Amino acid sequence: MLMRSRQGRHLITIFATVMLLVVSVPRAAFAAIEIDITQGNIEPLPVAIYDFIGKTDKEQEFGRNVTQVIVADLERSGLFRPLEKASFIEKITRFNQAPRFGDWRILNAQALITGQVTVQKDGRLKAEFRLWDVLAQKQVAGVQFFSDPENWRRVAHQISDTVYERLTGEKGYFDSRVVFVEETGPKDKRVKRLVIMDQDGFNIRNLTPGDSLVLTPRFNPKAPEITYMSYAGGEPRVYLLNIETRQRELVGQFPGMTFAPRFSPDGQKIIMSLQNGVNANLYAMDLRSRTTTRLTNTAAIDTAPSFSPDGQKITFESDRGGSQQIYVMNVDGSDQRRISFGKGRYSTPVWSPRGDWIAFTKLAQGRFVIGVMRTDGSGERVLSDGYHNEGPTWSPNGRVVMFFREQRGENGGPALWSVDLTGRNERKVDTPNFASDPAWSPLNK
Amino acid sequence: MMRAILRSKSRFPGLSQILAAVLMLGLAACAGTTTRTAQGTAHSNAKPGTKEDFSVNVGDRIFFPTDVTSLTDTGKDTLRRQAVWLKTYPNVKIVVEGHADERGTREYNIGLSARRSANAKAFLVSQGISTARIKTISYGKERPVAVCDDETCWSQNRRSVTLVTGAVSS
């Protein structure tokens with residue numbers, strides 16, 4: 001039995017300090033940049049993002065790269081419209097000087113981001129930025145970050161998160177990662193590997209070598225670890241994998257196949273299906289004591305369990321009533337009740353990290369739809385319709401859903417897509433090969 | 001003053017939510033059937049007691065309707081033949097693989113195909129084959145044998161396959 005280490009965070013330390021800067025700016029009438037991300041039909045906010053300045057060539061190159069990542073993050077969110085650099089009038093040369101707001105107002109920029117990159121004496125990178133309200137003519141945020149130079153992309157994502165949070169009031173999701181199943185080879189002989197990448201598709205690397213069939217990776221919300229199903233040794237079972245040390249661990253010895261695992265919000269429990277003859281029922285395993293608790297006991301396929309973020313409830317799918325439907329129960333297995341009542345088969349329920357929605361896959365009339373419903377089953381709506389969409393996962397802030405979409409044809413395969421909670425801003429997530437079963441991480445620590 | 005509005009009240013009260021119904025225009029190009037099912041074509045060339053003999057002369061797989069895991073009459077006939085063959089070669093062990101078509105979600109299909117292999121195993125046991133000789137494994141939709149986008153392929157993938165694994169006479 002292995003001890004559970006909670007000290008595995010050897011990620012980079014990035015310090016963010018808020019700079020309270022007094023910049024003398026003439027007072028203007030009140031302007032309000034408002035992004036209401038709960039509405040489905042927003043106009044993206046025009047924002048000017050000036051290449052972060054630097055003194056040396058190297059600093060300037062870092063500056064351009066960091067800026068490029070911020071532009072891409074904000075644009076992909078669908079909430080911001082970065083303006084063409086070629087249209088910029090003012091040439092910004094000094095970070096500590098207020099911009100000429102008129103030069104930006106004329107471009108209809110509502111927000112302006114300026115920044116500077118400095119390589120410190122100890123070799124670390126310092127990236128600082130200011131967010132300006134062009135109409136109010138004032139600075140509304142200013143933060144500096146320090147990191148190892150190789151982690152410059154994370155710094156850029158953190159700046160994007162800071163801007164997102166300042167302008168929407170919600171936490172961002174850019175400094176996060178996605179684990180998914182990479183698929184190569186012909187359709188009837190697929191090789192599947194677990195792969196991890198930044199949420200924007202960069203820094204991609206393999207987690208498993210492709211020697212065994214692997215499925216349904218899910219993040220530990222509290223540690224750099226995933227749980228997944230593997231057919232290693234010809235025995236399909238649930239495993240844990242530390243994504244830093246690559247240490248793999250079998251989750252318990254059971255008399256049958258274990259599958260569809262997911263962590264509890266505190267990272268201390270795994271819930272999963274255990275196959276027992278013709279039935280699959282749900283079990284919870286405490287990872288410290290290794291004790292197992294049976295949660296459901298029906299002549300049915302009970303699977304795809306997912307905790308509510310407060311750890312008090314579990315949603316899952318079951319065909320106990322004759323077809324796949326979504327159920328909710330208390331964490332001890334009591335009070336099991338069906339919540340999906342629309343037309344079709346409902347599956348793969350995933351509780352939003354905000355607690356307000358459950359995302360699911362629905363099969364109806366030969367189509368596979370990604371949708372969301374309230375946790376009591378009300379308010380169902382479709383986010384993405386099509387021939388075959390499956391397997392939703394939530395962004396850390398509960399505003400974006402990623403899923404995979406199968407492409408038809410003998411040579412077709414799955415790809416990752418994302419869509420806003422509002423059903424807008426559907427985007428393909430580029431991966432080098434076919435990709436399925438995405439799992440979005442919490443914000444990086 | 002820059003300010004973020006997060007309440008669910010709309011800035012655009014007149015605009016109702018637009019649910020993007022992105023109708024994926026599937027290229028409905030069915031690639032035809034590329035199947036390797038060995039059913040039906042009885043060959044006498046296979047040496048008795050071999051894997052080939054089993055798959056060709058007995059029939060190594062049975063099929064299921066959509067979202068169904070109970071055995072069809074045809075399936076039971078095949079399993080009866082398998083049981084007879086297995087009694088003839090009592091040292092042989094088998095793995096019963098359960099499979100599903102691609103038109104289901106991943107986790108459910110794992111459970112569904114486990115039911116198929118479990119039902120096939122139970123039938124073989126009812127025909128007098130020892131459970132000790134039978135292992136089951138569920139592949140869900142992960143191992144299709146036919147890869148087109150219509151029922152002609154899906155019906156071949158909804159299957160239970162009996163693999164002869166140990167102590168085959170040669």
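So, to start: is the link of Cys148(B) and Cys153(B) right-handed or left-handed? Hold that thought for a second, and keep in mind that what we have here is a predicted model.

Okay, the handedness. The angle about the S-S bond is 125 degrees, and that makes the link between Cys148(B) and Cys153(B) right-handed. The two sulfurs of Cys148(B) and Cys153(B) sit 2.2 Å from each other. If you go hunting for others, don't bother: searching the whole structure, over all chains, turns up one disulfide. And how about exposure? Cys148(B) has a relative accessible area of 1%, so it's buried. Cys153(B) comes in at 0%, so that one counts as buried too.

Right, over to chain A. This chain splits into domain 1, residues 7–168, and domain 2, residues 177–440. Taken over C-alpha atoms, the centres of those two domains of chain A are 35 Å apart.

Now the packing. The largest nonpolar core has 43 residues, and the members touching the most others are Ile113(A), Phe129(A), Leu131(A) and Ile159(A). The top contributor to this core is helix H3 of chain A, residues 152–168, which puts in seven residues. Both domains of chain A take part as well, with at least three residues coming from each.

Let's zoom in on Ile159(A). Skipping its neighbours within four places in sequence, who does Ile159(A) contact? The list is Phe52(A), Val66(A), Ile70(A), Ala127(A), Phe129(A) and Phe145(A).

Last stop, back in chain B: there's a second, separate core, 19 residues in total, and among them are Ile62(B), Phe64(B), Leu71(B) and Val92(B).

Notes. Residues are numbered from 1 along each chain as its sequence is written. Chains are lettered from A and ligands numbered from 1 in the order in which they are written. This is a predicted model: local features need pLDDT of at least 70, side-chain atom pairs count only at pLDDT 80 or more; totals for chains, interfaces and linings use all residues. Side-chain values use heavy atoms; hydrogens and water are left out. A nonpolar core is a set of buried Ala, Val, Leu, Ile, Met, Phe, Trp, Tyr and Cys residues joined through side-chain atoms within 4.5 Å. Buried means under 20% relative accessible area, exposed over 50%, partly exposed in between (1.4 Å probe, protein chains only). Helices (H or I, at least four residues) and strands (E, at least two) are DSSP runs, numbered from the N terminus. Domain bounds come from an automatic or database domain assignment. Contact means heavy atoms within 4.5 Å. A disulfide is a pair of cysteine sulfur atoms within 2.5 Å.
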